[in-house]
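Please open the structure in the viewer and display the backbone as a cartoon, with side chains available for selection. The tour proceeds by short selections, each followed by a description of what is found there.

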Amino acid sequence: MDLRGKAPAGDSAGSPSYTGDIPSEYQQNTLTITGESADQHVGSGGFDLQVGPMGSTLLVAAPDSSAGDGAVALIPLPQDSESLSFGAGQAELLGPTGGGLGQALALNADGDGALLALGAPGVETAYLLFTDAAQGRVSVGEVAHSRLTSDRDAGRFGAALALGDVDGDGLTDAIVGAPAETYLAGRVYLFSGADSQLRWEAEDATATVLGTTSYDTLGSAISAAADFDEDGVLDLVLCMPDYDGSGRDVGGCAIALGGLDLLSRGWSLWDEVSALVYGAQSEDRLGDGPHTLWVGDLTGDDRADLAIGLPGSELDERPEGAVALFDGTELTGTRSSDEARLRVEGVGGLGQSVGGNGATSELLLATPSGDGLGGGAITAVPARTTGRVDLSAVAPLIEAEQASDQLGIGGILGGDLFGDGGQHLIFALPGSDGSAPGAGEVRLRPRR
Ligand SMILES: [Ca+2]
Ligand SMILES: [Ca+2]
Ligand SMILES: [Ca+2]
């Protein structure tokens, strides 16, 4: 089996590509997916939505499941009930021992049979499978059609990943980060869809990119979902939170434009990037983690913009975190976070989890360690604003109900998610004590 015939679109976070007729019952969709055991932390690895004409599938990652083996649930939508336990859906994919399956998740959504990529960095592996192949409670290795592995110890291969046609040949490519590889320089592996086999090893990668020096941690966050230069080919964003620029660990994200020769280039990173954005202050840690990055148009000009978290950013010597929004038309050369169109700061835990809603031109920002009894909040910030926004002066959309909730960790999906004209939000409370301490929850709610 290969990836031919599958859609060339990028990973769908926040912007499902399906545009056909959608059943109207979604407009009332309200669902809570609950963890089943203590410290399962459902949703901490993220989630995504596959939308199709015959129904949709919510994917939920719980990398702490089964003492760190990890698990990913596929939940069909709509559901008759407003609550469902994690393992009660179409499938529960179980990770290998110590794998941490679901620490990263990417979906190439094109209706039924969408391609899913799942990282298990504890065993240096990423799995590719079609969502319709997964049924019941099953080991991920039994239903995956590709298993990408690295034989380099402790590289954390699979800690971040993306799916998208970055060389423009019409076949979906897989991009996998190993941020701890080679003295923490970090490496990103690109696997061409044209080469797809039943099993790839990391050395079969069509191209790789190594961090610029040790302790860059390149590959901590990856996107292949936006076409920044509007040439019709998706472009890559590769982040390295430990990059030293104007100060120690400012962090940086490199943008490499997609194209037919991308996967055959020699890949010295600095020869290939068209833009580099970096943190302005030491310890900003721009791009630290797979949920710090969101791409899509937020300014209303139909050109993709780039929102990135700086989770280590200090305000009055407290590490509160920040988020910077770069206008897509300004993404050339090197750009400091001080040059961003919009900078948001002021509430604890900001920058670990960043989302966006293009239809309403809003940034969706989690502050998992601030507000809501200390259990976190999600706040929408108008993205057409410029300059600095103090988040503590903006009323949250949603606040935690328990101090342990960690609301918003794992990413935020918001917008017309089902293509039905309604507005929905999907978010996690991985520390929630619903069914057991720390079992966690993921919630789907209409946006009021
Ligand atoms: Ca391709
Ligand atoms: Ca492009
Ligand atoms: Ca824009």
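Begin with Phe 47 and Val 60: Phe 47 stands opposite Val 60, which belongs to β3. The model in view is a predicted one.

Next, extend the selection to residues 46–52, which make up strand β2. Strand β2 runs antiparallel to β3, and 7 bridges join the two. Between β2 and β3 lie 2 residues, and the two strands form a hairpin.

Now select residues 55–62, the whole of strand β3. How many of its 8 residues are buried? The count is 7, and the strand is thus described as mostly covered.

Add residues 71–77, strand β4. Strand β4 also pairs with β3, in the antiparallel sense and over 7 bridges. For a point of reference within this pairing, select Leu 58 and Ile 75: Leu 58 stands opposite Ile 75 of β4.

Then move to another part of the chain and select residues 293–296, strand β21, together with residues 305–310, strand β22. These strands pair in the antiparallel sense over 4 bridges. Within the pair, Val 295 stands opposite Leu 306 in β22.

Finally, widen the view to the open sheet of 5 strands, ordered β21-β22-β25-β27-β31, in which the pairing is mixed. Which strands stand at the edges? They are β21 and β31 (387–390); each has a single partner strand, so one side of each is left without a neighbour in the sheet. Neighbouring strands of this sheet are turned against each other by 15° on average, direction ignored.

Conventions
Residues are numbered from 1 along each chain as its sequence is written. Chains are lettered from A and ligands numbered from 1 in the order in which they are written. This is a predicted model: local features need pLDDT of at least 70, side-chain atom pairs count only at pLDDT 80 or more; totals for chains, interfaces and linings use all residues. Two strands pair if DSSP finds at least two bridges between them. Axes are lines fitted to C-alpha atoms, for helices over the stretch in contact, and angles run from 0 to 180 degrees between N-to-C directions. A residue is buried if 20 or more other C-beta atoms lie within 10 Å of its own, exposed if 12 or fewer, and partly exposed in between; C-beta atoms are placed from the backbone.
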